[in-house]
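Please read the following with the sequence and the 3D view side by side. The text starts at one strand and works outward from there.

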Amino acid sequence: MPSYSFRLNGRPVSVESWDPAQPLLYVVRNGLGLLGSRFGCGLGQCGACTVLVDKQATRSCSLPVSRAAGRDITTIEGLGTPASPSRVQAAFVAEQAAQCGYCTSGMIVTATALLSRTPKPTSDQVKQGLSGNICRCGTHTRILRAVMRAAEA
Ligand code: FES
Ligand code: FES
């Protein structure tokens, strides 16, 4: 069976798949057991599945595993831990920026990429940067506060 190798959260991994078009999201969740990245729309439209690919926020539901080969992938699990959260994760907790939490990992990963590109964004830049991530619970105000808090940390 064809196999694909990449770095995942700082560690080399190799996965087998008959289908080179299998979405990276399925490989990460079902094959590697990392459940933080969520399946929302499966169409690249909601952002729930966002991971970092070579530091770029990327919809893992729309990225074939074959195109992940050789890349550096970071999921929400690779950003921090409950004991040692990243500054964005800590800010989301401090601002209680989640209701159901389904969008939260995608929001945090997208915000992490945004802050690495633009360390001191305006609120309009944050709104623009997260405009492709949908929160069905309407937590946008707290999410915006959390990202601005992380930028100031
Ligand atoms: S599940 Fe990937 S963008 Fe919605
Ligand atoms: S907190 Fe429920 S979808 Fe965002």
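**From one strand to the rest of the fold**

In strand E1 of this predicted model, the side chains alternate between two faces. Tyr4, Phe6 and Leu8 point to one face and are buried, while Ser3, Ser5 and Arg7 point to the other and are not buried. E1 covers residues 3-8 and is joined to E2 by six bridges, with the two strands running antiparallel. Two of the pairings can be followed residue by residue. Ser3 has Glu16 of E2 opposite, and Arg7 has Pro12 of E2 as its bridge partner. The hairpin made by E1 and E2 has two residues between the strands, and in this hairpin Asn9 adopts a positive phi near 50°.

E1 also pairs with E5. Here the strands run parallel and are joined by two bridges. Arg7 appears again in this pairing, standing opposite Asp72 in E5. Arg7 therefore has a partner residue in E2, Pro12, as well as one in E5, Asp72.

These pairings belong to a wider sheet. Five strands make up an open sheet with mixed pairing, in the order E2-E1-E5-E3-E4. Which strands stand at the edges of the sheet? They are E2 (11-16) and E4 (56-59); each has a single partner strand, so one side of each is left without a neighbour in the sheet. On average, neighbouring strands in this sheet are turned by 40° against each other, with direction ignored. As a general matter, strands of a sheet pair through backbone hydrogen bonds, either parallel or antiparallel.

A helix lies across part of this sheet. Helix H5, residues 104-117, lies across E3 (50-53) and E4, and it runs at about 35° to E3. Thr104 is found in H5. Is Thr104 buried or exposed? Its relative accessible area is 13%, which is under the 20% limit, so Thr104 counts as buried. Leaving aside residues up to four places away in sequence, Thr104 touches Phe92, Ala97 and Ala98.

Phe92 also takes part in a helix-helix contact. Two packed helices are described by the angle between their axes and the distance between the axes. For H4 and H7, the angle is about 135° and the axes are 8 Å apart. H4 and H7 are therefore oblique to each other, and H4 passes H7 in a right-handed crossing. On the H4 side the contact is made by Arg87, Val88, Ala91, Phe92 and Ala94, and on the H7 side by Ile143, Ala146, Val147, Arg149, Ala150 and Ala151.

Salt bridges add further links, and the structure holds three of them. One joins Arg71 to Asp54, with the closest N and O atoms 2.8 Å apart. Arg71 sits in the loop between helix H2 (65-68) and strand E5 (72-74), and Asp54 sits in the loop between E3 and E4, so the pair ties together parts that are 17 residues apart in sequence. Both residues fall in the partly exposed class: Arg71 has a relative accessibility of 29%, and Asp54 has a relative accessible area of 37%.

The side chain of Glu95 meets that of Arg145 in a salt bridge, at 3.2 Å from N to O. Glu95 lies in the loop between helix H4 (87-94) and H5, whereas Arg145 lies in helix H7 (residues 140-152), so this pair ties together parts that are 50 residues apart in sequence. Glu95 counts as buried at 15% relative accessibility, while Arg145, at 42%, counts as partly exposed.

Glu95 also forms a salt bridge with Arg149, at 2.9 Å from N to O. This pair again links distant parts of the chain, with Glu95 in the loop between H4 and H5 and Arg149 in helix H7, 54 residues apart. Arg149 is partly exposed, with a relative accessible area of 39%. Glu95, Arg145 and Arg149 are thus linked in a network of salt bridges. Arg149 is also one of the H7 residues that make the contact with H4.

Technical notes:
Residues are numbered from 1 along each chain as its sequence is written. Chains are lettered from A and ligands numbered from 1 in the order in which they are written. This is a predicted model: local features need pLDDT of at least 70, side-chain atom pairs count only at pLDDT 80 or more; totals for chains, interfaces and linings use all residues. Side-chain values use heavy atoms; hydrogens and water are left out. Helices (H or I, at least four residues) and strands (E, at least two) are DSSP runs, numbered from the N terminus. Axes are lines fitted to C-alpha atoms, for helices over the stretch in contact, and angles run from 0 to 180 degrees between N-to-C directions. Contact means heavy atoms within 4.5 Å. A salt bridge is a side-chain nitrogen of Lys or Arg within 4 Å of a carboxyl oxygen of Asp or Glu. Buried means under 20% relative accessible area, exposed over 50%, partly exposed in between (1.4 Å probe, protein chains only). Angles under 35 degrees count as roughly parallel, over 145 as roughly antiparallel, 65 to 115 as roughly perpendicular and the rest as oblique. A crossing is left-handed if the near helix is turned anticlockwise from the far one by less than a right angle, and right-handed if clockwise.
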